[in-house]
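Open the model in your viewer and keep the selection tool ready. This tour goes stop by stop, each with something to select and something to find there.

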Amino acid sequence: MRVRPLGDRVVIKRIEVEETTKSGIVLPGSAKEKPQEAEVVAVGPGGMINGKEVVMEVKVGDRVLFSKYAGNEVKIDGIEYTILKQDEILAVLE
Amino acid sequence: MRVRPLGDRVVIKRIEVEETTKSGIVLPGSAKEKPQEAEVVAVGPGGMINGKEVVMEVKVGDRVLFSKYAGNEVKIDGIEYTILKQDEILAVLE
Amino acid sequence: MRVRPLGDRVVIKRIEVEETTKSGIVLPGSAKEKPQEAEVVAVGPGGMINGKEVVMEVKVGDRVLFSKYAGNEVKIDGIEYTILKQDEILAVLE
Amino acid sequence: MRVRPLGDRVVIKRIEVEETTKSGIVLPGSAKEKPQEAEVVAVGPGGMINGKEVVMEVKVGDRVLFSKYAGNEVKIDGIEYTILKQDEILAVLE
Amino acid sequence: MRVRPLGDRVVIKRIEVEETTKSGIVLPGSAKEKPQEAEVVAVGPGGMINGKEVVMEVKVGDRVLFSKYAGNEVKIDGIEYTILKQDEILAVLE
Amino acid sequence: MRVRPLGDRVVIKRIEVEETTKSGIVLPGSAKEKPQEAEVVAVGPGGMINGKEVVMEVKVGDRVLFSKYAGNEVKIDGIEYTILKQDEILAVLE
Amino acid sequence: MRVRPLGDRVVIKRIEVEETTKSGIVLPGSAKEKPQEAEVVAVGPGGMINGKEVVMEVKVGDRVLFSKYAGNEVKIDGIEYTILKQDEILAVLE
């Protein structure tokens, strides 16, 4: 199944980063805060959103940082995604 | 009875998805969180909404994801629907 | 007495629908949630509202669905009405 | 003393309606909810209000319905009035 | 010292009105609610405020009614004044 | 170190006014409410702020009144300043 | 890894300033309030943000003051940064 976001929305998938504590213990994703890094999975068409022209600046495959708690979490085919407005994406990692 | 939504509103009907837990038990819709998937049942005309031109991007029959708690729940001829603004629809599933 | 709503306001009268429970008991309107169906009784002239042109899309006699808790309840000649802005009307039933 | 409201404000005086209960007892105004009916006493000039042109639609002597709790209550020469913006007036009674 | 309000602000001085109760006792200002009557002491230049043209409609010496709790109270040379935006002035008394 | 405020921001330094109580005791600044008088120390360039042209009306050295709790307190080289938007300045004292 | 902020966002890194108390004790950064001084690490392109033209006024290497609690804290390669909108930067230190 393909997901086509509306307007200036973007579908992202959080990236679980393994983290090593100072004492050397490896923390899997679930033992930490929700990660704020994600990969862009689908991008809306942009255009006139609320009477304002929005140009999409991110593209599929981009690795992005986003504001914790931003957007809506949805499950598609059993996998968790977050759908948010492009304006809630803080930065692209390169 | 037919329902004609005003402005940029859309009438949707939630789709109850059966879900199989890891232990193999099948959960009917009522034992889970409210589903966020729905089918579009009726689409408003769009046009000037609050002084801003809104073009309708969804059509009857589309399968959509929407923001939990969005919109108003109404009962028409004994069936439950949700009426929300198109902007509260997150994505179309294809 | 006639009531003339200002601007983009609409006067509606809730329609109490009798409802039969599964066990066959008929519930009169007062034993249920407030109904969300109403008949349009009077329609404001529309025009420039807050600097935005509003065209009235409903007319006297229309049967409408409206957002629960929307608008102001008033009593005119002992009868209860709700006065709300057209934007709080969700859909017309046909 | 005369009161001249600024901008799109209107000065109204609540009308206390005597009400007869089903058992035949007459309730004076003070034993009931605050009335929502009022007579227009003074009307501001309208014009550009917050960058938007407002045309005054009510006139002195009009009998109006207004949103409960709307506006500011003031006492002029010992008499209580309510000063509200025209947009808080719901309808004119004719 | 002279005070020059910025933008669409107005400096007012509350007027303490002595009030006689029904039993004939005179209540000085301090035993009552804060008065809502004031005299205009200084008027800002108006002009473009937040991208909107504001024309000043009150002048020094006007007796005005204002919204209780509106504005900021300040002490200049030991005397208490209220500085508010013209839009918080409800009416001029004539 | 010099501080250059951005946009329509202004840097001010509160002025502690000694105050004599009725009984003749002199209260130093710290024993009173936070003062609302300040001297302007630096002024931003103004210009287009949030899509609206802002002209700076205060200048370095002006003595101003400002809204209590307005702005952000910062320490530069050990001295406390407040940085606020010009719109939070109520009046200039002359 | 390089971080490219979107729109009018800026990436900054807080500067921990050592502070000597009156009694001569040196307080390291962690024993104090969060510092409000930071160095600009990356600057977004600006342009049309929410339908308004934003020109970026800060540049990489600038030392800035920002509003406490402003922005989002993120960790990139184990180092903590804050990403905020340029409008949340109060002033540049020179």
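**Stop 1: inside chain F**

Start in chain F of this predicted model. Select R14(F), then look across to β5(F), where the bridge partner of R14(F) is A38(F). Now widen the selection to two whole strands. Take β2, residues 9-14 of chain F, and β5, residues 37-43 of chain F. They run antiparallel, and five bridges join them.

**Stop 2: the sheet around that pair**

Which strands make up the open sheet, and in what order? Follow it across: β1(E)-β11(F)-β8(F)-β5(F)-β2(F)-β10(F)-β9(F). That is seven strands with antiparallel pairing. Note the letter of the opening strand, β1(E): this strand comes from chain E, while the others listed carry the letter F.

Next, select the two edges. One is β1 (3-5) of chain E, and the other is β9 (72-76) of chain F. Each of these pairs on one side only. Turn the view to look along the sheet: from one strand to the next, the twist averages 40 degrees.

**Stop 3: a sheet shared by chains C and D**

Move to chains C and D. Here an open sheet of seven strands reads β1(C)-β11(D)-β8(D)-β5(D)-β2(D)-β10(D)-β9(D), again with antiparallel pairing. Its edge strands are β1 (3-5) of chain C and β9 (72-76) of chain D, each paired on one side only. The average twist between successive strands is 40 degrees.

Zoom in on β2 (residues 9-14) and β10 (residues 79-85) of chain D. Four bridges hold this antiparallel pair. For one position in it, select V10(D) and find L84(D) opposite, in β10(D).

**Stop 4: where chain B meets chain A**

Hide the rest and show chains A and B. How many residues does each chain bring to the contact? Chain B brings 15 and chain A brings 17. Together the two chains bury about 1600 Å², with 50% of that on carbon and sulfur atoms. On the chain B side, select E57(B), L90(B) and E94(B). These three lose the most area to chain A, together 38% of what that side buries.

Stay on E94(B). Its side chain meets that of R4(A) in a salt bridge, at 2.6 Å from N to O. Between these two chains the count is three salt bridges. The interface also has seven residue pairs in polar contact, both residues at pLDDT 80 or more.

Which element of chain B gives the most to this side? Select strand β11, residues 89-93: it supplies five residues. By class, the chain B side holds seven nonpolar, three polar and five charged residues.

Now add β1 of chain A, residues 3-5. This strand and β11(B) pair in the antiparallel sense over three bridges. Select R4(A) once more: opposite it, in β11(B), stands V92(B).

**Stop 5: where chain G meets chain A**

Swap chain B for chain G. This contact takes 17 residues from chain G and 15 from chain A. The buried area is about 1600 Å², of which 51% is on carbon and sulfur atoms. Select R4(G), L6(G) and R9(G). They supply 36% of the area that chain G buries against chain A, more than any other three residues.

Three salt bridges are counted between chain G and chain A. Select E94(A) to find one of them: it forms a salt bridge with R2(G), the closest N and O atoms being 3.1 Å apart. There are also seven residue pairs in polar contact here, both residues at pLDDT 80 or more.

Colour chain G by element. The elements giving two or more residues to this side are β1 (3-5), β9 (72-76) and β10 (79-85) of chain G. The largest share, four residues, comes from β9(G). By class, the chain G side has eight nonpolar, four polar and five charged residues.

Then show β11 of chain A, residues 89-93, beside β1(G). The two run antiparallel and are joined by three bridges. Within the pair, L93(A) stands opposite V3(G).

**Last stop: a salt bridge between chains**

Over all chains, the structure holds 49 salt bridges. Finish on the one between R4(G) and E94(A), where the closest N and O atoms are 2.7 Å apart. Why does this pair join two chains? R4(G) lies in strand β1 of chain G and E94(A) in the segment after β11 of chain A, so the salt bridge links one chain to the other.

Methods: Residues are numbered from 1 along each chain as its sequence is written. Chains are lettered from A and ligands numbered from 1 in the order in which they are written. This is a predicted model: local features need pLDDT of at least 70, side-chain atom pairs count only at pLDDT 80 or more; totals for chains, interfaces and linings use all residues. Side-chain values use heavy atoms; hydrogens and water are left out. Contact means heavy atoms within 4.5 Å. Buried area is the accessible area (1.4 Å probe) that two parts lose on being put together, summed over both. A salt bridge is a side-chain nitrogen of Lys or Arg within 4 Å of a carboxyl oxygen of Asp or Glu. A polar contact is a pair of N or O atoms within 3.5 Å; within protein, one must be able to donate a hydrogen and the other to accept it, and residues adjacent in sequence count only if both atoms are side-chain atoms. Ala, Val, Leu, Ile, Met, Phe, Trp, Tyr, Cys and Pro count as nonpolar, Asp, Glu, Lys and Arg as charged, and the others, Gly among them, as polar. Two strands pair if DSSP finds at least two bridges between them. Axes are lines fitted to C-alpha atoms, for helices over the stretch in contact, and angles run from 0 to 180 degrees between N-to-C directions.
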